[in-house]
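Biologist: Could you take me through the labels on this one? I would like to hear what stands behind each of them.

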Amino acid sequence: MAKGEKALTKFSFFGGGTAKFEDAAECFNDAGKQFVMGKAYGEGASAYRRAADCHLKAKSEFDAASSHGKAGEAFQKLRGRLGLQRLLPRGRGDLRGHGQVLHGGEHVEEARGGARERRRPGGAAERHRGLGAAIDYYDGENQPMRANGCREKVAFLSATLGAYDDALAAFDSLGRSCLGSNLGKFNAKKWFTNAILCALAREDVVKAKNALAEYANLDYSFVGTREHMLCEQLTARVGRRARRASRRRRRSTTRSSASTPG
């Protein structure tokens, strides 16, 4: 740390305005590594944060994000996810400005995962937003497998939160994406089944029927499978229940009208 502080006091006629910050950042990063190796995680995190600040002053956003990430990892070891949640979003911001979105997406996924693990109020909604940001990152970096991994988490999380329309859209996107891959096309029916179940969860029988027909056209191997037969049976059952409920409502309305004095 002392070497880093000393590097910041250097003066040079030829080194330009950023040389001392680059030298100091290297010293702070080395100090952070030594602290972490010695399990002095708090000091290590502080050293990495100092390195990140120097990188920013040297206009090296990517290196700053990397140092922020290492600081977050040190805090994670020191006191769980609290430090990670606080520091990694800063790293993500540095990376967004620099355009290095892939590394930032990894930070977002890891940081947002802590919300679920701590089970704090609003954690699920925050994780949902973080995963959405990670999807944007990976799509922008042309990393479809990583993006789909986040979409899967978003789909299940949306269903858990009762946001069935969002879950349906995510499952539908996953299924269609699978059809574009020779290896992944056999998984399409799994996602299509989940999409149909989301439609049935909100008792939208029309949407479920339309989805069944559309997915059968998109994926010929879907027809006749256990998943397809299950969706057909559930759609028919939910449809019958909806019709019975509708008839009961009509009878109730008719009785109510008849009992009302004219």
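Modeller: Happily! Let us begin with aspartate 30, which counts as partly exposed because its relative accessibility is 45%, and that label lies between buried (under 20% relative accessible area) and exposed (over 50%), with a 1.4 Å probe and protein chains only. This is a predicted model, where local features need pLDDT of at least 70, side-chain atom pairs count only at pLDDT 80 or more, and totals for chains, interfaces and linings use all residues. Residues are numbered from 1 along each chain as its sequence is written, and side-chain values use heavy atoms, without hydrogens and water.

Biologist: What makes arginine 202 and aspartate 165 a salt bridge?

Modeller: Their N to O distance is 3.1 Å, and the rule asks for a side-chain nitrogen of Lys or Arg within 4 Å of a carboxyl oxygen of Asp or Glu, so the pair qualifies. Arginine 202 sits in the loop between helix H10 and helix H11, whereas aspartate 165 is in helix H9, 37 residues apart.

Biologist: Why is aspartate 172 called buried?

Modeller: Its relative accessibility is 15%, which is under the 20% limit, so buried is the right word. Aspartate 172 also forms a salt bridge with arginine 176, at 2.7 Å between the closest N and O atoms. Arginine 176 counts as partly exposed because its value is 35%.

Biologist: Which glutamate forms a salt bridge with arginine 176?

Modeller: That is glutamate 214, with the closest N and O atoms 2.5 Å apart. This pair links helix H9 and helix H11.

Terms used:
Helices (H or I, at least four residues) and strands (E, at least two) are DSSP runs, numbered from the N terminus.
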